[in-house]
Amino acid sequence: MDYTLEQLVRENIRKLTPYSCARDEFKGMNAKVFLDANENAYNTPYNRYPDPLQEELKQRLAKVKSVSPEQIFLGNGSDEAIDLVYRVFCEPRQDNVVAIAPTYGMYEVCANINDVEYRPVLLDEHYQLDADKLLAATDKHTKVVWLCSPNNPTGNCLNPQEIQKVLLEFKGIVVVDEAYSDFNAMKAFRLELSSYSNLIVLNTFSKAWGCAAIRLGMAFASPEIIAYFNKVKYPYNVNMLTQRQAMEMLADIPKVNKWLTTICSEREIVIPAFAELPFCKKVYPTDANFFLAKVDDADRIYHYLVEHGVVVRNRNRVVLCGNCLRVTIGTPQENCELLAALRQYK
């Protein structure tokens, strides 16, 4: 059965009258005196509420991401967009979602918070998606499918043909999280929005842009889906300081591109060196700024590194990741410190 967007959205959300803040109601550009929002008249510019829809930032970002401003939602990290997917589309205790496993843990955490059944479907031995297997886990109450590509913690891009099959055959919402897409040459699915009305693509300023501290996440989708996100979000969800820092980063793209080049070059140095360590069983292919490695004793090596001032991520207890460590590519100096410590491990 095919569903319209209106049918996918929760009834109470369709009927919701969103909060109307002062900056939503005022759209003019000539005002000099603002006495509408009960703000303190002193301590400019921090006394004023930020733009609730981040319009200037979206205009700048749209040019960089090759989408229209109306296709952009900005939130307090990608986690806000993840939570909004549940709040807009999933009826608690009635609907369910399907996701690959292993993958980013917040999809399941947000499902539990919103009281929505979460159905994980295991990837194959190469950490690849089987679209037929995933689709078989859906039913009439499945509203959302979660896909992360490059995937976390595995690092690899999912087969785009399998993603396309899910987009074409699943009649609900398909979310493709592309947080790490800047670290590879694969075509981004956000450029396919016009082909798939049920597609939501996530991205973030935390990875390639080096701005994890400002908590700015992006969602790209049809203007209709973005309108629902804006309807449900809290009025001033992205503060002025975050918007300002993002604008500064967008004004210096050559610097960001230099970071990306350095990280990808270091990735090609670190992975072969790590693979040669005697305790390393396998390093899995990666398209991200990190790699997953199977070792002989992940717990012991993890604690050894901590004692030597180096912190990696122990994924030993994650499904399909037994005795695996996830290692982020750092600066050349940090990477040397990691490898030097591991070469002394006995």
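Begin with the lining of the largest cavity, whose residues divide into 8 nonpolar, 3 polar and 2 charged (Ala, Val, Leu, Ile, Met, Phe, Trp, Tyr, Cys and Pro count as nonpolar, Asp, Glu, Lys and Arg as charged, and the others, Gly among them, as polar). A cavity here is a set of points, on a 1 Å grid over the protein atoms alone, where a 1.4 Å probe fits but cannot get out; lining residues have an atom within 4 Å of a point. The model is predicted: local features need pLDDT of at least 70, side-chain atom pairs count only at pLDDT 80 or more, and totals for chains, interfaces and linings use all residues. Residues are numbered from 1 along each chain as its sequence is written, and side-chain values use heavy atoms, without hydrogens and water.

Select Ser 149, Cys 157, Glu 178, Met 186 and Lys 187 next: of the 13 lining residues, these lie nearest the centre of the largest cavity.

Turn now to the sheet. Its 7 strands (DSSP runs of E, at least two residues, numbered from the N terminus) form an open, mixed arrangement in the order β1-β7-β6-β5-β4-β2-β3. Because β1 (72–75) and β3 (117–122) stand at the edges with a single partner strand each, one side of each is left without a neighbour in the sheet.

Within the sheet, select residues 142–148 and 173–177: these are β4 and β5, which pair in the parallel sense over 5 bridges (pairing requires at least two DSSP bridges between two strands). Cys 148 has Asp 177 of β5 as its bridge partner.

Methods:
1 Å grid on protein atoms, 1.4 Å probe; cavity = no way out; pocket = protein on both sides within 12 Å on 5 of 7 lines; lining within 4 Å. Helix = DSSP H or I, 4+ residues; strand = E, 2+ residues; numbered from the N terminus.
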